[in-house]
Amino acid sequence: MDVEPLLWRLADKYAPAPPAYSVASRPTWFDHAGDLVVVNSPVTWDTPWRTEGGFSHRIPAGRHPVYAGSCAYAPHGEDADALRLTVTMLVMPLAEPSRIEAADWNVPGYHDVHLIEDYAVLWGEEAMRASLPHVDDEPSFVREARRDIRARGPRHRSDNWRQMVLDRETGANAFVFPVHDAEYVTGYEIVDDHGNLLCLVLAACE
């Protein structure tokens, strides 16, 4: 099984199209955003100045592909033609698509609210520590990423996010994704019969 059919099957499960009920917005596109370098720490997707604590996931050390599901978003009170890209789902497959396909997907999401706003950062603890200190709780690289994303213009879709290496020694990096109109994140861990993590799905919800 190829990865693209798997991505859309995951979208069908965790962000189905109307009239099915879903707390997450269904993506219109999926793109390979790049690889997240994990050294030896949990991974989280959060807004550093907004999220308190955040939900973390223990990911094996290594380079892991990140697929971003996105759609067009029209800001309230602005020209409807000035569409922006907003990321509604992240998928990190950690095993072959066929193994993920065969696993049990009936897993609960978070049981608490994990608040985000405007931009959310996917990173591990090594990258977070390398970004310190944070002025006013906001990492400087997020301000740089925000400026770059906005400068690309409202109609730009593919790759309208930033990937940044924060620790040159280990290669630990972070992704900054626009999450306009989302209020919180929920997440799902797909595991095999032995509890090994096969796939991580994170969804930005209204």
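This report walks through two sheets, the helices that lie against them, and a few residues and rings worth finding in the viewer. The model is a predicted one.

**The six-stranded sheet**

Let's start with the open sheet of 6 strands, whose order is β1-β4-β5-β11-β10-β6 and whose pairing is antiparallel. At its edges stand β1 (29-38) and β6 (114-115); each has a single partner strand, so one side of each is left without a neighbour in the sheet. As a reminder, strands of a sheet pair through backbone hydrogen bonds, either parallel or antiparallel.

Within this sheet, β5 makes a good landmark. On one hand, β5 pairs with β4 in the antiparallel sense over 7 bridges, and here Ala68 stands opposite Leu90 in β5. On the other, β5 pairs with β11 over 5 bridges, again in the antiparallel sense, and Met89 stands opposite Ala203 in β11. β5 is also mostly covered, with 9 of its 10 residues buried.

Moving to the edge strand β6, you will find it joined by 2 bridges to β10 (residues 184-191), and these two run antiparallel. His114 is the residue to look for, as it stands opposite Val185 in β10.

Helix α1 (residues 3-14) lies across several strands of this sheet: β1, β4 (62-73), β5 (84-93), β10 and β11 (197-205). The helix runs at about 110° to β5.

**The five-stranded sheet**

The other open sheet has 5 strands in the order β3-β2-β7-β9-β8, with antiparallel pairing. Its edge strands are β3 (57-58) and β8 (162-165), each of which pairs on one side only. β8 is joined to β9 (residues 173-178) by 4 bridges, and the two run antiparallel. Gln163 stands opposite Phe175 in β9.

Helix α4 packs on this sheet, where it touches β7 (119-124), β8 and β9. The direction of α4 makes about 145° with that of β8.

**Three buried residues to look up**

Where does Ser70 sit, and is Ser70 buried or exposed? Ser70 is found in strand β4. At 0% relative accessibility, Ser70 counts as buried, because the cut-off for that label is under 20%. Setting aside residues up to four places away in sequence, Ser70 touches Pro27, Thr28, Trp29, Asp31, Leu85, Thr86, Val87 and Thr88.

Thr44 takes us to the five-stranded sheet, in strand β2 (residues 42-46). Thr44 is buried too, with a relative accessible area of 13%. What does the side chain of Thr44 reach? Its partner is the backbone oxygen of Phe55, at 2.8 Å. Beyond its neighbours within four places in sequence, Thr44 is in contact with Gly54, Phe55, Ser56, His114, Val121, Leu122 and Trp123. His114 in that list is the residue that stands opposite Val185 in β10, so it is worth keeping both sheets on screen here.

Pro139 lies in the loop between α3 (125-130) and α4 (140-151). Pro139 has a relative accessible area of 0% and is buried. Its contacts, not counting residues up to four places away in sequence, are Pro48, Trp49, Trp123, Ser131 and His134. Pro139 and Trp49 are 90 residues apart along the chain, while their C-alpha atoms are separated by 8.5 Å.

**Aromatic rings**

The count of aromatic pairs comes to 7. A pair of aromatic rings is described by the distance of the centres and the angle of the planes. Two of the pairs are set out below.

| Pair | Centre to centre | Angle between planes | Arrangement |
|---|---|---|---|
| Tyr14 and Tyr188 | 4.2 Å | 20° | stacked |
| Phe175 and Phe177 | 5.7 Å | 10° | stacked |

The tyrosine pair links distant parts of the chain: Tyr14 is in helix α1 and Tyr188 in strand β10, 174 residues apart. Both Tyr14 and Tyr188 are buried.

Phe175 and Phe177 are both buried as well. Together with Trp45 and Trp161, Phe175 and Phe177 form one aromatic cluster.

Finally, have a look at Arg9, whose charged end sits over the ring of Trp105, 4.8 Å from the ring centre.

Definitions and conventions: Residues numbered from 1 in each chain as written. Predicted model: local features only at pLDDT ≥ 70, side-chain atom pairs only at ≥ 80, totals over all residues. Heavy atoms only, no water. Pairing = 2+ DSSP bridges. Contact = heavy atoms within 4.5 Å. Axes fitted to C-alpha atoms, helices over the stretch in contact; angles between N-to-C directions. Buried < 20%, exposed > 50% of the residue type's maximum accessible area, 1.4 Å probe, protein only. Polar contact = N/O pair within 3.5 Å; in protein donor to acceptor, adjacent residues only side chain to side chain. Phe/Tyr/Trp six-rings, centres within 6.5 Å; stacked < 30°, edge-to-face > 60°. Lys NZ or Arg CZ within 6 Å of the ring centre and 35° of its normal.
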